Amino acid sequence: MSVELKTARDVSEHLLRITARALMSRDFELFATCFHLPQTMNTMGRRVVAETRFDLRRAFESNCDHFAELGVTDIRRECVAAVFHGENRVEATHISYICGDGRELVPPYPVFSVLEKINDNWVIMSSEYALDDQSGFAKAIHAAEDGDAAAEEIYQMHLDLLSTALIKNDFETFSGRIGLPHQITTETDMIRISTSEEMRDLFESFASMYSNSGLTDFVRTVKEAKFITPDEIIGTHISHQMRNGQRVLPPYPNRIRLVRGDDGVWRETHCANAILNNFENFKLWTRLADSPRLPEFDQPNEGLKS
């Protein structure tokens, strides 16, 4: 560790700084470096255990979404007590201040954490939050265990794979996870892709749009996903289009249907986007409505076995 941490307070404040920076920049990879798994998180009436990175990411994304809803512009955490219990364990208490434009958005609340040194790195082992279980921040923590974890993990892996393929202009990877026929529904249009040639045309139009807008990151985070059958998942996610840390568009919701083929591969057969589109096959970039509305899947899945 490059930072010299001599006192228990140094350890606590170091982790508080990193996690605050990660939350404000929505940097899950940085955030995850500060936590040991499994991670125990207690609110006033519930004990939550994040067993996997995906569990931790679910809580992280839910927390970031809550910050966005509140209009958070600054997270300030002050360590009020920190004590060594042996060389490799610190017990610390801090007060969290959640602020927007210089004012407190929620009453400050205390958090007690157990920190341990593992492989020369200090990480958070567990935390207790003095939060009412009905508060937005408590519900964000509870998200680590809520939902269908298996379906959500498959869904998130699909999102990550295709988002990367779009940014890297990797049609082979992208097309391998799209099932034909493929349907795209927006607030104003419905597009049906039936052939691989049409899929390549669609992919190139998307990749070109993102390249022309200078997109550097396409982050899509699952909100919820459920198994409809053992071979079908329907879920929703939020899309974040970023250029060097700045948003290209406001976040907007999406819905996807995934179907598992005979080869065991999950493929996307239908997606719905809360956007306005008046141009066939997205030849020109769409725009968001003032209040984006996410279309429902109003047609049964036609099935995919390949």
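The following paragraphs describe the overall make-up of a predicted protein model, then its central strands, one of its helices and its aromatic groups.

The protein chain of this predicted model contains 7 helices and 14 strands. Of its 306 residues, 48% are buried. Contacts were also sorted by sequence separation: among those between residues at least 6 apart, 58% join residues at least 24 apart. The surface that the chain exposes amounts to about 15100 Å², and carbon and sulfur atoms supply 48% of this area.

A good place to begin a closer look is strand β4, which spans residues 89–100. Here 9 of the 12 residues are buried, so the strand is largely enclosed by the rest of the structure. Several pairings involve β4, and they can be taken in turn. With strand β3 (residues 74–84), β4 pairs in the antiparallel sense over 10 bridges. Within this pairing, Cys79 has His94 of β4 as its bridge partner. The two strands make a hairpin with 4 residues between them, and Gly86 in the turn adopts a positive phi of about 85 degrees.

Strand β6 (residues 109–118) also runs antiparallel to β4, and 8 bridges join the two. Two positions help to fix the register for a reader following along in the model: Ile95 has Pro110 of β6 as its bridge partner, while Glu91 stands opposite Val114 in β6. A further antiparallel partner of β4 is strand β5 (residues 103–104), joined to β4 by 2 bridges. In this pairing Cys99 stands opposite Glu104 of β5. The hairpin of β4 and β5 has 2 residues between the strands, and Asp101 takes a positive phi near 55 degrees there.

The pairing continues from β6 to strand β7 (residues 121–129), again in the antiparallel sense and over 8 bridges. Ile118 stands opposite Asn121 in β7. These strands form a hairpin with 2 residues between them, in whose turn Asn119 has a positive phi of about 55 degrees.

Attention now turns to the helices, with α5 as the example. Helix α5 covers residues 149–167, 19 residues in total, and reaches 27 Å from its first C-alpha to its last, close to the 27 Å expected at 1.5 Å a residue. Its buried residues are Ala151, Glu152, Tyr155, Gln156, His158, Leu159, Leu162, Ser163, Ala165 and Leu166. In an α-helix there are 3.6 residues a turn, so residues three or four places apart point the same way. The helix is followed by Asn169, which has a positive phi near 55 degrees.

The aromatic side chains round off the picture. A search of the whole structure finds 11 aromatic pairs. In one of them, the rings of Tyr210 and Phe218 have centres 5.2 Å apart and planes at 50 degrees, so this pair is tilted. Tyr210 and Phe218 are both buried. Elsewhere, ring pairs link Phe28, Phe31, Phe35 and Phe60 into a cluster.

An aromatic ring also meets a charged group in this model. The ring of Tyr97 has the charged end of Arg76 sitting over it, 4.2 Å from the ring centre. Readers tracing the strands can find Arg76 within the residue range of β3 and Tyr97 within that of β4.

Technical notes. Residues are numbered from 1 along each chain as its sequence is written. This is a predicted model: local features need pLDDT of at least 70, side-chain atom pairs count only at pLDDT 80 or more; totals for chains, interfaces and linings use all residues. Side-chain values use heavy atoms; hydrogens and water are left out. Buried means under 20% relative accessible area, exposed over 50%, partly exposed in between (1.4 Å probe, protein chains only). Contact means heavy atoms within 4.5 Å. Accessible areas come from the Shrake-Rupley method with a 1.4 Å probe; for residues, only the protein chains shown count as cover. Rings of Phe, Tyr and Trp (its six-membered ring) pair if their centres lie within 6.5 Å; planes under 30 degrees apart count as stacked, over 60 as edge-to-face and the rest as tilted. A charge sits over a ring if NZ of Lys or CZ of Arg is within 6 Å of the ring centre and within 35 degrees of the ring normal. Two strands pair if DSSP finds at least two bridges between them. The expected span of a helix is 1.5 Å times one less than its number of residues.
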